[in-house]
Amino acid sequence: MSTPGPEIADAPAYDAAAAEYGGFDVRRAIELDEQGLVGRLAFAGLFALLALAVMPWPLPAMWIGGLIAWELLSPRVFTPWMRRLDDEGALSVFALSNLIGSCIYSTIGLASLAVGSPIGIAMGATWLSGSFMNTFIYYGENRRTLWSSIAPAIAAAIIGPSLLHGPTWPPVAVSRSEE
């Protein structure tokens with residue numbers, strides 16, 4: 001038996017609740033992005049330190065350096081641009097910004113998976129799982145923003161094991177044990 005949806009529920013009450021909540025608002029998402037900057041960079045820095053256990057130091061160093069550069073550049077380039085646009089245009093620029101940022105953030109997950117050690121795979125899977133969860137929590141209300149944010153992490157989850165095992169179906173379909 002299916003759960004009653006909006007077509008069965010009291011439509012005016014459902015519409016009022018949705019209007020009160022407000023749905024996805026790109027301006028509010030920009031503000032949340034700005035508020036979360038220090039926390040994101042602190043956690044990424046901690047993860048970069050942990051990544052030193054499974055990969056040569058230049059990889060996490062370049063990743064965190066690129067990430068810091070992106071996080072300092074993005075609000076100065078994309079945010080003023082988004083504020084000048086209407087909601088639809090701002091949403092498109094926000095999705096582009098998230099696509100670029102997600103590519104940078106997903107790189108450490110891809111590198112961890114490509115290392116191939118059990119700890120590297122666990123770290124890559126953990127980082128990407130956190131990325132998936134974060135993306136659904138913050139951007140699940142808007143498909144354009146959701147897909148622009150999650151597509152790089154999905155690609156990293158597929159490409160990372162393929163770098164280690166080659167472009168075969170087992171790394172794409174399932175994890176396979178070392179032989």
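In this predicted model, the axes of helix 2 (residues 26-35) and helix 4 come within 11 Å and cross at roughly 160°. With angles over 145 degrees counting as roughly antiparallel, the two helices therefore run roughly antiparallel to each other. The crossing of helix 2 and helix 4 is left-handed. On the helix 2 side the contact is made by Arg27, Ile30 and Glu34, which meet Thr79, Met82 and Arg83 of helix 4. Sorted by character, the residues of this contact come out as two nonpolar, one polar and three charged.

Turning to the interior, the largest nonpolar core has 19 residues, and Trp63, Leu67, Ile108 and Trp127 are those with the most contacts inside it. Two or more residues each come from helix 3 (37-51), helix 4 (58-84), helix 5 (87-115), helix 6 (118-139) and helix 7 (143-165). Helix 3 gives the most, with five residues. Leaving out residues up to four places away in sequence, Trp63 touches Ala44, Ala48, Ile104, Tyr105, Thr107, Ile108 and Trp127. Another core, of 10 residues, lies apart from the largest one, and Val26, Ala29, Trp70 and Phe78 are among its members.

Then there is Phe132, which sits in helix 6. Its relative accessibility is 24%, so Phe132 counts as partly exposed, given that buried means under 20%. Beyond its neighbours within four places in sequence, Phe132 is in contact with Ile150, Ala153 and Ile154. Phe132 and Ile150 are 18 residues apart in sequence, while their C-alpha atoms are 6.4 Å apart in space.

Terms used: Residues are numbered from 1 along each chain as its sequence is written. This is a predicted model: local features need pLDDT of at least 70, side-chain atom pairs count only at pLDDT 80 or more; totals for chains, interfaces and linings use all residues. Side-chain values use heavy atoms; hydrogens and water are left out. A nonpolar core is a set of buried Ala, Val, Leu, Ile, Met, Phe, Trp, Tyr and Cys residues joined through side-chain atoms within 4.5 Å. Buried means under 20% relative accessible area, exposed over 50%, partly exposed in between (1.4 Å probe, protein chains only). Helices (H or I, at least four residues) and strands (E, at least two) are DSSP runs, numbered from the N terminus. Contact means heavy atoms within 4.5 Å. Axes are lines fitted to C-alpha atoms, for helices over the stretch in contact, and angles run from 0 to 180 degrees between N-to-C directions. Angles under 35 degrees count as roughly parallel, over 145 as roughly antiparallel, 65 to 115 as roughly perpendicular and the rest as oblique. A crossing is left-handed if the near helix is turned anticlockwise from the far one by less than a right angle, and right-handed if clockwise. Ala, Val, Leu, Ile, Met, Phe, Trp, Tyr, Cys and Pro count as nonpolar, Asp, Glu, Lys and Arg as charged, and the others, Gly among them, as polar.
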